[in-house]
Amino acid sequence: MRPITVIGNWKMNGSKAACRQWIETVCAEMEKGMPAGRRFALCPPYPYLSECSQRIAACSSAMLALGAQDVSAEMSGAFTGEVSAAMLHEFDCKYVLVGHSERRDRFNESDRLIAEKALQALDQGLTPVICVGETADERNSGRAVEVVRAQVARQITILQDRLVDSLLAYEPVWAIGTGKVASAQVAQDMHREIRLQLAEFNADVAAHIGILYGGSVKFDNAVELFGMPDIDGGLIGGASLDPQEFLAICRA
């Protein structure tokens with residue numbers, strides 16, 4: 001059985017005080033018990049990694065892991081503003097997002113660059129969460145599957161068998177921060193397409209890799225989404241800022 005993984009992505013939100021309060025609240029509730037076979041993580045902005053790392057280390061439940069929102073494709077060097085996978089490892093990060101649609105769109109990140117970032121993460125023992133997804137225009141024109149398959153294909157080509165140590169996150173761009181949500185069946189259909197594509201490459205990878213859904217996930221729809229056979233959890237945006245909402249999703 002693949003575990004359910006729930007990852008909160010704060011994007012460019014939060015504060016030191018918010019980190020402290022959020023982690024204290026979430027850890028206290030997790031200590032009371034969570035469903036078995038689940039993994040949980042928080043991806044705050046870079047400046048708060050130290051604060052969050054210390055707070056999470058002090059949690060007695062050890063159920064919450066730390067992640068980062070991005071990573072450099074370079075190991076080190078003259079790359080102003082970049083953060084390496086080795087640096088994230090020093091802060092006890094376990095996960096890192098790569099290829100989030102906002103970075104694909106605003107920073108013109110290519111599938112090759114995203115795969116190179118994933119490789120850097122894997123080399124440092126981090127789990128890259130590789131994001132894929134189509135825009136509203138691509139879906140409305142009937143090209144959603146074609147677009148997502150092309151994005152996944154590049155990851156397969158470059159990562160090969162190492163892909164099994166990653167997570168994929170299907171996040172339809174038209175459902176991120178818009179309040180629009182893909183129905184559980186629409187999400188499942190794309191997750192199934194991704195898993196079938198992976199099976200064409202390697203049946204073992206397809207069977208074991210976790211594929212998360214990201215796109216306005218809330219408690220109200222998480223139960224149905226997580227109940228789908230090919231959806232292995234969620235990448236949670238705005239809803240993760242509220243610790244109680246995040247906890248409710250974790251229990252879904």
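Two helices are said here to be in contact where their heavy atoms lie within 4.5 Å. With that meaning in hand, the reader can be led through this structure, which is a predicted model, by looking at how some of its helices meet and then at the spaces that the protein encloses or leaves open.

A good place to begin is helix α1, which covers residues 16-30. Its axis and the axis of α11 come within 9 Å and cross at roughly 35 degrees, and the crossing in which α1 passes α11 is right-handed. On the α1 side the contact is made by Trp 22, Thr 25, Val 26, Glu 29 and Met 30, which meet Pro 243, Gln 244, Phe 246, Leu 247, Cys 250 and Arg 251 in α11. Sorted by class, the residues of this contact comprise seven nonpolar, two polar and two charged.

Helix α11, made up of residues 243-251, also packs against helix α10, which is formed by residues 219-226. Here the angle is about 20 degrees and the axes are 8 Å apart. Angles under 35 degrees count as roughly parallel, and α10 and α11 are therefore roughly parallel to each other. Their crossing is right-handed, and the contact is made by Phe 219, Ala 222 and Phe 226 from α10 together with Glu 245, Ala 248 and Ile 249 from α11. Of the residues in this contact, five are nonpolar, none is polar and one is charged.

Another pair to find in the structure is helix α7, residues 144-159, and helix α8, residues 184-201, whose axes come within 10 Å and cross at roughly 40 degrees. With that angle, α7 and α8 are therefore oblique to each other, and their crossing is right-handed. In α7 the contact is made by Ala 144, Val 145, Val 148, Arg 149, Val 152, Ala 153 and Ile 156, while α8 contributes Met 190, Glu 193, Ile 194, Gln 197, Leu 198, Glu 200 and Phe 201. The division by class for α7 with α8 is ten nonpolar, one polar and three charged.

From the helices we can turn to the spaces. The largest pocket holds about 660 Å³ of space, and among the 23 residues that line it, Lys 11, Gln 69, Glu 102, Arg 103 and Phe 107 are the closest to its centre. The element that gives the most to this lining is helix α4, residues 101-106, which supplies five residues. Taken by class, the lining of the largest pocket has ten nonpolar, six polar and seven charged residues.

The second largest pocket contains about 220 Å³ of space, and 16 residues line it, of which Lys 11, Gly 177, Ser 216, Gly 237 and Gly 238 are the closest to its centre. Its lining is made up of five nonpolar, eight polar and three charged residues. A reader who follows Lys 11 will therefore meet this residue twice, because a residue lines a pocket whenever one of its atoms is within 4 Å of a point of that pocket, and Lys 11 is named for the largest pocket as well as for the second largest.

Finally, there is one cavity of 30 Å³ or more, and the space in the largest cavity is about 30 Å³. The residues that line this cavity are Glu 74, Met 75, Ser 84, Ala 85, Ala 86, Gln 120 and Gln 124, and by class they are three nonpolar, three polar and one charged.

Conventions:
Residues numbered from 1 in each chain as written. Predicted model: local features only at pLDDT ≥ 70, side-chain atom pairs only at ≥ 80, totals over all residues. Heavy atoms only, no water. Axes fitted to C-alpha atoms, helices over the stretch in contact; angles between N-to-C directions. Helix = DSSP H or I, 4+ residues; strand = E, 2+ residues; numbered from the N terminus. Parallel < 35°, antiparallel > 145°, perpendicular 65-115°, else oblique. Left-handed = near helix turned anticlockwise from the far one by under 90°. Nonpolar A, V, L, I, M, F, W, Y, C, P; charged D, E, K, R; others polar. 1 Å grid on protein atoms, 1.4 Å probe; cavity = no way out; pocket = protein on both sides within 12 Å on 5 of 7 lines; lining within 4 Å. Points joined across faces, edges and corners; volume = space filled by probe spheres on them.
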